[in-house]
Amino acid sequence: MANYYSDHPEIGFYLNHPLMKRIVELKEKGYKDKDKFDYAPVDFSDAIENYKQILDITGDVAANIIEPNSESVDLEGPHLENGRMIYASKTFENIDATRKAGLWGVSMPRRYGGLNLPNVIFSMLSEVISAADAGFQNIWSLQSCIDTLYEFGSEEQRQKYIPRVCAGETMSMDLTEPDAGSDLQRVMLKATYDEKENCWRLNGVKRFITNGDSDIHLVLARSEEGTKDGRGLSMFIYDKNQGGVNVRHIEHKLGIHGSPTCELTYKNAKAELCGSTRLGLIKYVMALMNGARLGIAAQSVGVEQEAYNEGLAYAKERQQFGDKIINFPAVYDMLSRMKAKLDAGRSLLYQTACYVDVYKCLEDIERDRKLTPEEKQEMKKYQRLADAFTPLAKGMNSEYANQNAYDAISIHGGSGFIMEYKSQRLYRDARIFSIYEGTTQLQVVAAIRYISNGTMLNNIKDMDEALCVGDNPTLASLKTRVEKLIPIYEEAINYAKGLGNQDAFDFLARRLYDMTCELVMSLLIIRDAAEAPELFQKSANVYVRMAEENILGKAAYIKNFQVEDLDSFKANDDSNGEE
């Protein structure tokens, strides 16, 4: 029987990540839960076995329920009835199956009914579910909104809402409005305090809300009258049971059809303040978005894997000119690049997730006791790394998902354009990954300060110094080749900064971002290949060659760029203002 976890040992490899022992130690807080909960681990090895069991259960549900339902869900999609969103019929089966498997509220502490899973394990679960159906992964993974409520809500709110999510109730984050997309400072949904009822009331419209008719919503709204920027925004909790919010429209989308994208009307809807006023965008949404971006990275890796699986399976079966097409250089070149992007992108995903886990666990511990000076330094170190790596993981994996889905169709030839083949759905689903939760261009904006100030260069040098390949001559050669690219990368950064023109630097930023990501992933995939050559050495060989080709080309482009070249790229208005 198929299993989307155990069929891919590359996922389980990251349970041996160098940071995993520290993560589990912090997450379990001395394994004190073992005295209260019979399913809590007693030590590190027991925790890892628990994770494996949960991953195996998820892999089984994904392969044998969610994936077989995916075509029906894609064709039916959600629909609107009397102001309510109704899921596709098979989506209800998926939700029921994941509830029965205990896969809701999994990141929450056990005292609220959760499984206390670290983020890296949640990311693995997200990858597995996304490979089965990326649209359903959106519905399931939005349970991670509860992390923000746990982090910033009151204990009363935690006890009220977290057990409901652990029991399988759904969530959404209601941020975007018709005039506030990437620029969330323009949010105008109004929040007013009702003195008589001792509650907040929300009025306005939200648009493009994923899973918008969920049970529990986190809502960004303007609480400070007369303000127009982010400092007037606060975060609120809306409970669907209270009424006051209707679905006005469900978007008809290119892909992820099972995931409802709703336009909502708030009419005097009762809500609770989450945290403090004025910090909704400045603090809470930033935390929410960083988690969501890592979720999209995991979603992307799942589709990268499934696209590769589809392309590989078809290439093994399809025969042309008397031979299987997998034996044609043009085809196995595509497949090898797809696999290399998948393996390198997955390594970046779990490296980032581990960074997030260490600092988030320490933040949680700090709620109960004062951190030692060493722990504070550790928390700051890993928070900086998480902030620097998250836009890399989201941006590059979302792009790789699109590229792998595109190549899967190419391998299928004309059949890939036929709706009966899965590759077309993967292609449609993947397109949104590099758009929502911040476009790739916004990931560049988020990452570029870490590139321009030398943070990422230092990270890359540290990674290279720590990289040990033993007596493996192939990996030693690849490491040397990457080391030759580092000064070329450094020179490109300095050249772009030396132009002394912000527009020119911004224009070149995407190339610097790509070079950064490719160097990081080259070092990560070599590291993984040193530990498990049977899994990763081929991908390391392919990925480093690919990165070398790209980095040298981008470096040449940057070094030959002049400020006056910008005019050549600006869009021209040929009408000159004439009608």
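# A walk from strand E6 to helix H10

Select residues 216-222 to start: this is strand E6, and it is mostly covered, with seven of its seven residues buried. Keep in mind as you go that you're looking at a predicted model.

Now show the side chains of E6. Ile216, Leu218, Leu220 and Arg222 head one way, while His217, Val219 and Ala221 head the other, and all are buried. That fits the usual pattern: in a regular strand, side chains alternate between the two faces of the sheet.

Next, bring in the neighbours of E6. Which way does strand E3 run relative to E6? Select residues 171-174 to see E3: it runs parallel to E6, and four bridges join the two. For a landmark on this pairing, pick Met173, which stands opposite Leu218 in E6. Then add residues 233-239, strand E7, which runs antiparallel to E6 and is joined to it by seven bridges. Here, try Ile216 and look for its bridge partner in E7, Asp239.

Time to leave the strands and jump to residues 455-466, helix H14. This helix has twelve residues and spans 17 Å from its first C-alpha to its last, close to the 16 Å expected at 1.5 Å a residue. Colour its buried residues: Met456, Leu457, Asn459, Ile460, Met463 and Asp464. They sit on the same side of H14, because the arc they cover around the axis is only 160°. The spacing makes sense in general terms: an α-helix has 3.6 residues a turn, so residues three or four places apart point the same way. Spin the view to the face turned away from that buried side, and you'll meet the exposed residues Glu465 and Ala466.

What do the buried residues of H14 pack against? Show helices H11 (373-412), H13 (440-452), H15 (473-498) and H16 (502-531), and you have the packing partners.

Stay with the last of these and select H16 by itself. It has 30 residues and reaches 42 Å from first C-alpha to last, close to the 44 Å expected at 1.5 Å a residue. Look along H16 for a kink of about 40°, centred on Leu508. At the N-terminal end, Asn501 provides the cap: a side-chain oxygen of Asn501 lies 3.0 Å from the backbone nitrogen of Asp503. With the rest of the model switched back on, H16 is largely enclosed, since 22 of its 30 residues are buried.

While you're in H16, click on Ala529. Is Ala529 buried or exposed? Its relative accessibility is 0%, so it counts as buried. Leaving out neighbours within four places in sequence, Ala529 is in contact with Leu475, Phe536, Gln537 and Ala540. Add Asn16 too: the C-alpha atoms of Ala529 and Asn16 are 13 Å apart, although 513 residues separate them along the chain.

The last stop is helix H10, residues 329-366. H10 has 38 residues and reaches 56 Å from its first C-alpha to its last, close to the 56 Å expected at 1.5 Å a residue. It is mostly covered, with 29 of the 38 residues buried. Zoom in on Asp343, which is found in this helix. At 1% relative accessibility, Asp343 counts as buried. Its side chain makes a polar contact of 2.6 Å with that of Lys339. Setting aside residues up to four places away in sequence, Asp343 touches Glu10, Tyr14, Ile525, Leu535, Phe536 and Ser539. You've already met Phe536, as a contact of Ala529.

Methods. Residues numbered from 1 in each chain as written. Predicted model: local features only at pLDDT ≥ 70, side-chain atom pairs only at ≥ 80, totals over all residues. Heavy atoms only, no water. Buried < 20%, exposed > 50% of the residue type's maximum accessible area, 1.4 Å probe, protein only. Pairing = 2+ DSSP bridges. Expected span 1.5 Å × (residues − 1). Arc of directions from axis to C-beta. Contact = heavy atoms within 4.5 Å. Bend = angle between axes of the 7 residues up to and from the residue. Polar contact = N/O pair within 3.5 Å; in protein donor to acceptor, adjacent residues only side chain to side chain.
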